[in-house]
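Hi,

Here is the structure I promised to pass on. Have a look at it first, and then read my notes underneath.

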Amino acid sequence: MLEVIIGVHIVMGLFQQWMIPSVRNSLVPFSNMDLTKTAERLLKLAIPNHLMWLCFFYLTFHSFLNLMGELLHFADRNFYSDWWNANNIDTFWRTWNMPVHKWCVRHLYIPVVDLGYSKVSASVIVFFFSAFFHEYLVSVPLKTFKVWAFTGMMAQIPLSFVAKHMETTYGPRWGNMLVWASIILGQPLAIMMYYHDYVITNYNDVLV
């Protein structure tokens, strides 16, 4: 319980003192398509964003869910596996969020395969379902409909083939590097795009 409280304060501190200024500083270069400054802002934003993501993962899957499991006497504590060692995108998505993964396999993947569709088609349907809800969870609070989260999730499908190719051709370490690169750079890029579109939509093209 104590680590949840401390962790939440750490996340809020990172968000308010580091992440918000970095996002605001990225607006003008991103709007002007200044690639050099945009890349610099992206890398600067990637650091606090990734720290927040790791803290969020630890607080949610290790601290909070185990706390709930202890209080509710829930025996199955397999909330995540060693996703940080994933050599390709497929392994990452199967191991980082085990409750959601098991639900998707049980209620989406297996029924689609039982209907006679291929495993690849079933995987595409699962990613489409996940992409829709990722977009929904972002678009509703922002009151705007963009497709960046949806596109990012669907891009995981071709990226998984690239990661597998790198794993088999250059070794598992290169596949793992691609997984980490997609996590570290993909999320801040999506944040920059959503913030830019939100400001343009709600402030009549006035950049703040």
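Below is what I found, going from the overall fold to single residues.

Please keep in mind that this is a predicted model. The protein chain has nine helices and zero strands, so along the sequence you will read α-α-α-α-α-α-α-α-α. Its C-alpha atoms fill a box of roughly 50 × 45 × 35 Å along the principal axes. Of the 208 residues, 33% count as buried. Among contacts with a separation of 6 or more, 61% are between residues 24 or more positions apart.

**Two domains and their interface**

The domain assignment splits the chain into domain 1 (1-75) and domain 2 (87-207). Taken over C-alpha atoms, the centres of domain 1 and domain 2 are 18 Å apart. In terms of contacts, 18 residues of domain 1 meet 17 residues of domain 2. Together the two domains bury about 1,800 Å² between them, and 83% of that lies on carbon and sulfur atoms. On the domain 1 side, the residues that lose the most area to domain 2 are Leu27, Phe30 and Trp53, which together make up 32% of what that side buries.

What about polar links across this interface? Zero salt bridges are found between domain 1 and domain 2, and the count of residue pairs in polar contact there is one, with both residues at pLDDT 80 or more. The elements of domain 1 that give two or more residues to the side touching domain 2 are α1 (2-25), α2 (27-31) and α3. Of these, α3 provides the largest share, with ten residues.

**Salt bridges**

How many salt bridges does the structure hold? The total is four, and three of them are worth a look here.

Glu40 pairs with Arg41 through a salt bridge at 2.4 Å, N to O. Glu40 also forms a salt bridge with Lys44, at 3.0 Å, N to O. Both Glu40 and Lys44 lie in helix α3, four residues apart, which is about one turn of the helix. Glu40 counts as partly exposed because its relative accessibility is 31%, and Lys44 is partly exposed too, with a relative accessible area of 41%.

A further salt bridge joins Lys164 and Asp90, at 2.7 Å, N to O. This pair links distant parts of the chain, with Lys164 in helix α8 (residues 156-170) and Asp90 in helix α4, 74 residues apart. Is each partner buried or exposed, or in between? Lys164 is partly exposed, with a relative accessible area of 36%, whereas Asp90 counts as buried because its 19% relative accessibility falls under the 20% cut-off. Returning to the earlier pairs, salt bridges with shared partners join Glu40, Arg41 and Lys44 into one network.

**Cysteines and a loop residue**

The structure holds zero disulfides. Cys55 is partly exposed at 23% relative accessibility, whereas Cys104 is buried, with a relative accessible area of 10%.

Lastly, where does Asp76 sit? Asp76 is in the loop between α3 (35-72) and α4 (89-95). Its relative accessible area is 39%, so Asp76 is partly exposed. The C-alpha atoms of Asp76 and Asn66 are separated by 9.6 Å, with the two residues ten positions apart along the chain.

Best wishes, and happy browsing!

Technical notes:
Residues numbered from 1 in each chain as written. Predicted model: local features only at pLDDT ≥ 70, side-chain atom pairs only at ≥ 80, totals over all residues. Heavy atoms only, no water. Buried < 20%, exposed > 50% of the residue type's maximum accessible area, 1.4 Å probe, protein only. Disulfide = S-S within 2.5 Å. Domains from an automatic or database assignment. Contact = heavy atoms within 4.5 Å. Buried area = accessible area lost by both parts, 1.4 Å probe. Salt bridge = Lys/Arg side-chain N within 4 Å of Asp/Glu carboxyl O. Polar contact = N/O pair within 3.5 Å; in protein donor to acceptor, adjacent residues only side chain to side chain.
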